[in-house]
Amino acid sequence: MIIKYIVVGVLALNLLSGCSEVDSSKASASKMMQSNTTANPKVDQYESVPDVQKEAIKVGKDYHSFANPESIKVTHLSLDLTVDFANKVLVGTAQLDFEKVDANATLLILDTRDLTINSVTAKDKAVNFDLSSVDSFLGAALTIDIPTDVNSIVISYQTSPTASGVQWLTPEQTAGKKHPFLFTQAQAIHARSFIPLQDSPQVRMTYQATIRTPKELLAVMSASNDPNTPRDGVYQFSMPQPIPAYLIALAVGDLEFKSMGLRTGVYSEKGILDAAAAEFSDTESMLIATEKAFGPYSWERYDLLILPPSFPFGGMENPRLSFITPTVIAGDKSLVALIAHELAHSWSGNTVTNATWRDLWLNEGFTTYLTYRIMQMIYGDERFEMEAVLGRQDLQADIDSLPANDQIMAIDLRGRDPDDVFSNIPYEKGALFLRELELKVGRENFDQFLLSYFKKFAFKSITTQQFIKYLEQTLLKDHSDELSKQRINQWIFQPGIPDGAPVTESDAFTVVDQERNAWLAGTIQANEIDSEKWVVHQWLYFLNNMPAKLSQQQLADLDKEFALTISKNNEIAHSWLLISVNNWYQPAFTRLHDYLTSIGRNKLVKPLYKALSQTPEGKLMAQKAFAEAKAGYHPLTVKANEGFVE
Ligand code: BES
Ligand code: ZN
């Protein structure tokens with residue numbers, strides 16, 4: 001079987017640009033499995049059902065795009081779009097400039113989803129095109145006949161009101177209540193729902209755009225933004241660095257700007273602008289510290305856009321302008337690791353990009369590792385340790401619940417929608433792996449490695465295999481006593497967490513454990529818990545490590561003493577509401593309903609819907625909240641939760 005994989009893999013090589021190795025996850029699987037000593041019982045299940053029916057994965061092949069960059073590669077996009085709030089459509093043109101990689105190529109294949117294509121022209125003449133039948137995950141391929149001597153085409157098109165990558169908000173769904181709002185979210189494969197393009201992270205393009213909006217609104221993009229631009233309803237943008245399609249982003253609303261530093265500022269609706277600027281006032285210091293450690297920032301400005309609460313993610317690293325949920329504005333900077341995270345993507349993700357969604361851990365694992373480092377640089381060891389322990393616990397929860405194949409960093413996503421496979425594995429397992437490398441070679445050497453890695457692969461999209469090869473040429477060569485290829489392969493291609501992985505401890509959490517244990521044992525009452533100096537992370541650790549079952553009396557005591565049901569911190573409220581659902585603590589249910597109907601961030605609502613769906617009474621509550629909230633949820637949040645309320 002192994003021989004077959006290698007042969008298939010080698011045959012595939014000619015198709016690939018810049019990749020020179022077969023997928024070693026299959027080729028070396030049997031050897032590595034013997035050495036996998038992780039205690040996870042699901043590993044056995046994985047080993048006894050080897051995936052022999054499937055072809056080997058072709059390294060570097062993007063299984064989530066129809067595009068043909070190996071023949072014709074788009075290099076520049078020029079958009080001219082009108083934002084039509086009444087009809088909830090974007091309508092206009094996309095000009096695509098391209099290079100023929102294969103001089104004889106005559107077809108350009110693009111990705112689309114739910115787009116209406118009105119015409120395609122080259123040099124002002126109509127050209128033939130064909131829109132394929134629809135694949136439910138990937139959308140429809142748009143194949144365009146390219147005349148000889150043509151290196152640019154113009155597509156006239158419009159989006160669907162239900163485009164998966166666009167959310168249209170009514171004035172009532174905004175903070176100001178007066179004006180509508182629109183934002184896009186392209187990662188992983190939703191750019192194609194608002195622009196016909198080669199929607200693959202291995203295709204990088206520069207872009208420019210003209211966006212036409214109602215006069216009173218401001219448009220912003222993942223590009224050059226001029227905060228002083230006249231508000232006249234016509235806005236120009238340019239992104240001179242080549243970026244993948246998933247980083248193209250647009251938002252339109254009644255936005256204002258406030259500067260936070262020389263290179264940093266924040267856009268949001270007026271009502272939350274000051275609070276946001278105060279909450280995120282360390283952004284400039286984070287930027288400076290990250291540059292100092294990991295090399296120059298390549299994107300000129302770094303601004304934040306605070307979205308309405310329906311934004312489905314915590315943050316999205318759109319270059320020059322990260323999109324941020326308002327749910328992290330806690331008033332005490334307790335949740336600003338999110339900003340460190342999106343900022344860190346300016347290096348890991350936006351400068352060095354995963355070539356396929358299988359390689360997402362290169363984006364998210366490096367970014368999570370950098371996030372911890374930034375938090376340590378800005379807020380010190382104690383904060384770093386607490387966040388690392390919480391991250392490790394999140395990882396453990398996924399290791400305990402996900403099937404073995406989904407615990408693999410370089411995951412096989414063929415035939416799956418990347419949105420359905422979202423977990424902590426690429427994030428926290430990736431970060432833990434890098435932390436192990438750091439501990440083994442020393443921080444100074446590892447930082448040198450990161451610096452050279454970001455430089456070497458700047459503005460490139462790379463595969464896991466390319467990373468491993470680079471590691472072999474650098475750290476592995478220089479530290480052969482400390483590092484082994486086998487161990488690295490185990491981290492990347494095997495489920496579970498390798499034995500002996502780094503452990504971070506937090507003294508601040510040790511005292512929380514003591515107090516919790518004493519209270520659970522009945523040695524002390526809730527009002528005797530010594531929590532006066534606790535910070536948000538200690539509260540999260542206190543709550544997240546409660547036993548599954550608590551009595552009504554215990555819950556009422558905690559609530560009375562610490563007002564958890566009315567906590568303004570959305571993470572603490574989340575942890576408490578989850579406990580409340582699992583123990584059917586009804587005094588929290590009004591808050592639960594408000595929470596589910598006012599927040600659309602999937603990470604915060606999904607676990608609650610899931611927990612509610614476990615009992616018939618809970619399901620009724622979930623159905624009620626979902627029915628009320630659905631119109632205001634983002635398409636991704638609807639899709640991720642509708643199964644729980646059926
Ligand atoms: N790039 C991700 C969001 C994303 C990942 C969208 C994959 C679609 C597909 C972003 O940087 C992110 O990781 N956000 C996290 C932040 C958290 C880990 C600090 C989120 O939204 O929760
Ligand atoms: Zn991220």
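Colleague: What makes the meeting of glycine 314 and ligand 1 a polar contact?

Modeller: A backbone N or O atom of glycine 314 sits 2.5 Å from an oxygen atom of the ligand. The cut-off for a polar contact is 3.5 Å between N or O atoms, so this pair qualifies. Do keep in mind that we are looking at a predicted model.

Colleague: Which atom of glutamate 317 lies 2.6 Å from a nitrogen atom of ligand 1?

Modeller: A polar side-chain atom of glutamate 317 does. Glycine 315 joins in through a polar backbone atom, 3.3 Å from an oxygen atom of ligand 1. Taken alone, the ligand exposes 520 Å², and the protein buries 88% of that.

Colleague: How do you know that ligand 1 lies between domain 1 and domain 3?

Modeller: Domain 1 (2-30 + 355-493) and domain 3 (258-331) both contribute residues to the shell, so the ligand lies between them. There are 15 residues around ligand 1, and among those that come nearest are Gln187 and Tyr427.

Colleague: Which helix gives the most to that shell?

Modeller: That is α7, with three residues. By class, the shell has five nonpolar, six polar and four charged residues.

Colleague: Why is the pair of aspartate 80 and arginine 212 called a salt bridge?

Modeller: Their closest N and O atoms are 2.8 Å apart. The limit is 4 Å, so the pair counts. Aspartate 80 belongs to strand β1 and arginine 212 to strand β11, 132 residues apart.

Colleague: Why is aspartate 80 called partly exposed?

Modeller: Its relative accessibility is 26%. Buried means under 20% and exposed means over 50%, so aspartate 80 falls in between. Arginine 212, at 33%, is partly exposed as well.

Colleague: What makes arginine 435 and glutamate 438 about one helical turn apart?

Modeller: They are three residues apart in helix α10 (residues 425-441), which means a separation of about one helical turn. They form a salt bridge, with the closest N and O atoms 3.5 Å apart. Arginine 435 is at 18% and glutamate 438 at 5%; both values are under 20%, so both residues count as buried.

Colleague: How do you know that arginine 601 and glutamate 571 meet in a salt bridge?

Modeller: The N to O distance is 3.9 Å, and since the limit is 4 Å, the pair is accepted. Arginine 601 lies in the loop between α19 and α20, whereas glutamate 571 is in helix α18, so the bridge ties together parts 30 residues apart in sequence.

Terms used:
Residues numbered from 1 in each chain as written. Chains lettered and ligands numbered in written order. Predicted model: local features only at pLDDT ≥ 70, side-chain atom pairs only at ≥ 80, totals over all residues. Heavy atoms only, no water. Near = heavy atom within 4 Å. Polar contact = N/O pair within 3.5 Å; in protein donor to acceptor, adjacent residues only side chain to side chain. Areas by Shrake-Rupley, 256 points an atom, 1.4 Å probe, with all protein chains shown as cover. Helix = DSSP H or I, 4+ residues; strand = E, 2+ residues; numbered from the N terminus. Nonpolar A, V, L, I, M, F, W, Y, C, P; charged D, E, K, R; others polar. Domains from an automatic or database assignment. Salt bridge = Lys/Arg side-chain N within 4 Å of Asp/Glu carboxyl O. Buried < 20%, exposed > 50% of the residue type's maximum accessible area, 1.4 Å probe, protein only.
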